[in-house]
Amino acid sequence: MQRCCCLKFKVKVMTIIYLKKHKEESLRRFHPWVFSGAIGHVKGQPEEGDVVAVRSAEGETLGTGHWQEGSIAVRILEFGVESLQENFWQERIKAAYRMRRDLGLINADNNTYRLVHGEGDFLPGLIVDVYGNTAVVQAHSAGMHRSRTEIAKAITETVEEVENVYYKSESTLPFRKNFADIEDGYLIAADGEKAMHADHWAKENGLEFKIDWLRGQKTGFFVDQRENRRLVERYSAGRKVLNMFCYTGGFSVYALRGGAERVCSVDSSEKAVELVRQNVERNYPCCARHEAVCADAFDYLGKVQREGRESYDLIILDPPAFAKHRGAIRNALQGYKRLNAKAFEMIEKGGILFTFSCSQAVDKEMFRLAVFSAAAMSGRKVRILHQLTQPQDHPVNIYHPEGEYLKGLVLYVE
Ligand code: SAH
C-alpha cells in the first residue's frame with residue numbers, strides 16, 4: 001500500500017475558532033476584532049500570529065485572521081472565507097497605495113505619508129509610514145510581526161519610489177517574551193550602509209523635515225498633523241506663535257512660512273529640540289523669528305504667565321496621548337483641562353488656540369467637554385472655528401470607529 005504524503009510531512013492544519021452562540025453579530029457587521037470572551041472553543045493549537053479561521057457556534061464561516069493571546073484574540077484580515085489568497089499582501093498594499101496616489105497625496109511637494117493605517121486599510125495591526133525612498137513598518141500584532149518579510153517585499157514591489165524598508169516594532173509589540181527575533185533594523189536596504197548612517201530628509205507640503213526613524217519617536221515623524229499644520233500656516237501671519245509639545249517642529253516651520261512675527265517651540269525632549277532647530281535652519285536659514293526651548297510644558301506656561309515677559313496670540317497644544325487605555329481616561333481628562341486652562345489664561349485677546357488630543361480612549365465629546373470646562377474656568381469668551389481630525393492617509397474604517405483617534409479644536413479667544 002502506498003504511504004500517504006501527509007504521514008511523511010507534518011502538515012499544519014488551520015485552526016478553527018468557534019464563537020459562542022450569538023457572538024457573531026459584530027463580525028457580520030465587518031468589525032475586525034474577535035475578543036477572547038466571545039470564543040466558545042478552539043479546534044487546533046494555534047501559535048501566536050497564526051492565520052486562523054473563525055466560525056459561528058453553528059459552523060458558519062465568518063472570516064480569516066491573525067491569532068494572538070490577549071483580549072483581542074483574532075484580527076480579521078478577510079471576511080467570509082477560510083484562507084488568504086496567495087498575493088494577499090501585494091493586493092492589500094497596492095490598494096492602499098492606489099488610494100493615496102489617486103487622492104493626489106503623493107507628489108513632488110509631498111513624499112511623506114502613511115501608506116497603511118491598520119484597520120483603516122483592512123490590515124489590522126500594521127502601520128507603514130513612507131518618507132521618500134524609505135518605508136518604516138511598525139507591527140502591533142504577532143501576525144504582522146511574523147509576516148514582516150512578505151510585507152516589506154510587497155511594499156518595494158508596489159511603491160516604485162521605496163527602496164529601503166526599516167522595521168521598528170521593539171516598542172510596539174506587547175509580547176516580546178514570545179519572540180526571540182523582535183529587533184529593529186532594515187528588512188530591505190538598497191542604499192546599504194548609506195541607509196544606516198545618512199541623514200534623511202523628506203518633503204511635506206513643500207517643506208523639508210529630517211526624519212530620524214532610528215532614534216526618533218514612533219516611526220520618526222508625526223505624519224497625522226499634515227493638514228492641520230496647513231491651517232496653522234493660514235492663520236499665522238503677523239502672529240506670535242507658541243508651539244507646545246513641538247517634537248520635530250512641524251507646526252513651527254509652517255507658522256514661519258505663514259508669516260508669523262515670531263515662533264517659540266517647546267518640548268521636554270532635548271533630542272526633539274535639536275531636531276526643531278535643524279528643521280527650521282533647513283527651511284529658513286539664520287531665522288531670527290524662531291526660538292526653541294527645552295522645558296516641561298506646564299512649567300513653561302507657568303513661567304510665561306508669572307513673568308509676563310512673553311505674549312502669544314496663536315498657541316498650539318499637541319501633547320502625547322494622556323490616556324493610553326480606558327482606565328486612564330479620568331486622569332487624562334483632568335490633564336487636558338489643566339493644560340487648556342493655562343492656555344486660556346494666557347492667550348492674548350483675539351488669539352487662536354489649536355488644541356489636540358491623540359488619545360484613542362478619549363472620544364470627541366469627552367475632549368470637547370474637557371476643553372469646555374477649561375474655557376469656563378478662565379471666564380474668556382471662546383468660539384469654535386474648526387473641528388479637526390486625522391488626514392486622508394489615516395482613514396477610518398466605518399465598521400471600526402475606534403480607528404478615529406486624533407481630535408482637534410481651533411478656538412477664537414476674546
Ligand atoms: N506636535 C508634534 C507632535 C507631538 S508628540 C508634531 O507636530 O510633530 C508629543 C511631544 O510631547 C513629544 O515630542 C514629547 O517629547 C513631548 N512631551 C511629552 N511630555 C511633555 C511635557 N511634559 N512637556 C513638554 N513636552 C512634552
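This section describes the ligand site, the salt bridges, one helix and several individual residues of a predicted model.

The surroundings of the ligand are considered first. Of the 15 residues around the ligand, the nearest are Arg229, Asp267, Asp296, Ala297 and Asp318. When the residues of this shell are sorted by class, 8 are nonpolar, 3 are polar and 4 are charged. Several polar atoms of the protein lie close to polar atoms of the ligand. In the case of arginine 229, an N or O atom of the side chain is 2.8 Å from an oxygen atom of the ligand, whereas phenylalanine 245 takes part through its backbone, a polar atom of which is 3.0 Å from a nitrogen atom of the ligand. For aspartate 318, an N or O atom of the side chain is found 2.7 Å from a nitrogen atom of the ligand. On its own the ligand has 580 Å² of accessible area, and the protein covers 88% of this area.

Aspartate 318 also provides a reference point for tyrosine 247, since the C-alpha atoms of the two residues are 9.4 Å apart in space, with 71 residues of separation in sequence. Tyrosine 247 is placed in the loop that runs between strand S14 (240-244) and helix H8 (250-257). Its relative accessibility is 7%, so tyrosine 247 counts as buried, the limit for that class being under 20%. The backbone of tyrosine 247 has a positive phi of about 50 degrees, although the residue is not a glycine.

A positive phi, here of about 55 degrees, is likewise present at cysteine 286, which is not a glycine either. Cysteine 286 belongs to the loop between helix H9 (270-283) and strand S16 (290-294). With a relative accessible area of 72%, cysteine 286 is exposed, whereas tyrosine 247 is buried.

Salt bridges form a further part of the description. Side chains of opposite charge can pair when their charged atoms come close. In this model the count comes to 24 salt bridges, and the individual pairs described here differ in the accessibility of their members. Arginine 226 and glutamate 227 form one such bridge, with 3.5 Å between the closest N and O atoms. Within this pair, arginine 226 counts as buried at 1% relative accessibility, while glutamate 227 is partly exposed, with a relative accessible area of 30%. A second bridge joins glutamate 307 to arginine 309, where the closest N and O atoms are 2.7 Å apart. Glutamate 307 counts as partly exposed at 39% relative accessibility, and arginine 309 is exposed, its relative accessible area being 63%.

A third bridge links arginine 383 with glutamate 414, and the closest N and O atoms of this pair are 2.6 Å apart. Because arginine 383 lies in strand S19 (residues 382-388) and glutamate 414 in the segment after strand S20 (407-413), the pair ties together parts that are 31 residues apart in sequence. Both partners are partly exposed, arginine 383 with a relative accessible area of 48% and glutamate 414 with a relative accessibility of 25%. Elsewhere, salt bridges link Glu24, Glu25, Arg28 and Glu60 in a network.

Helix H11 covers residues 329-346, which amounts to 18 residues, and its span from the first C-alpha to the last is 26 Å, close to the 26 Å expected at 1.5 Å a residue. The buried residues of H11 include Ile329, Ala332, Gly335, Tyr336, Leu339 and Asn340, together with Ala341, Ala343, Phe344 and Met346. An α-helix has 3.6 residues a turn, so residues three or four places apart point the same way.

Two further residues complete the account. Histidine 117 is located in strand S7 (residues 112-117) and counts as buried at 10% relative accessibility. The side chain of histidine 117 is joined to that of arginine 114 by a polar contact of 3.2 Å. Aspartate 313, in turn, is part of the loop between helix H10 (297-307) and strand S17 (314-317), and this residue is also buried, with a relative accessible area of 13%. The C-alpha atom of aspartate 313 is separated by 47 Å from that of isoleucine 76, a residue that stands 237 residues away along the chain.

Terms used. Residues numbered from 1 in each chain as written. Predicted model: local features only at pLDDT ≥ 70, side-chain atom pairs only at ≥ 80, totals over all residues. Heavy atoms only, no water. Helix = DSSP H or I, 4+ residues; strand = E, 2+ residues; numbered from the N terminus. Expected span 1.5 Å × (residues − 1). Buried < 20%, exposed > 50% of the residue type's maximum accessible area, 1.4 Å probe, protein only. Salt bridge = Lys/Arg side-chain N within 4 Å of Asp/Glu carboxyl O. Near = heavy atom within 4 Å. Polar contact = N/O pair within 3.5 Å; in protein donor to acceptor, adjacent residues only side chain to side chain. Areas by Shrake-Rupley, 256 points an atom, 1.4 Å probe, with all protein chains shown as cover. Nonpolar A, V, L, I, M, F, W, Y, C, P; charged D, E, K, R; others polar.
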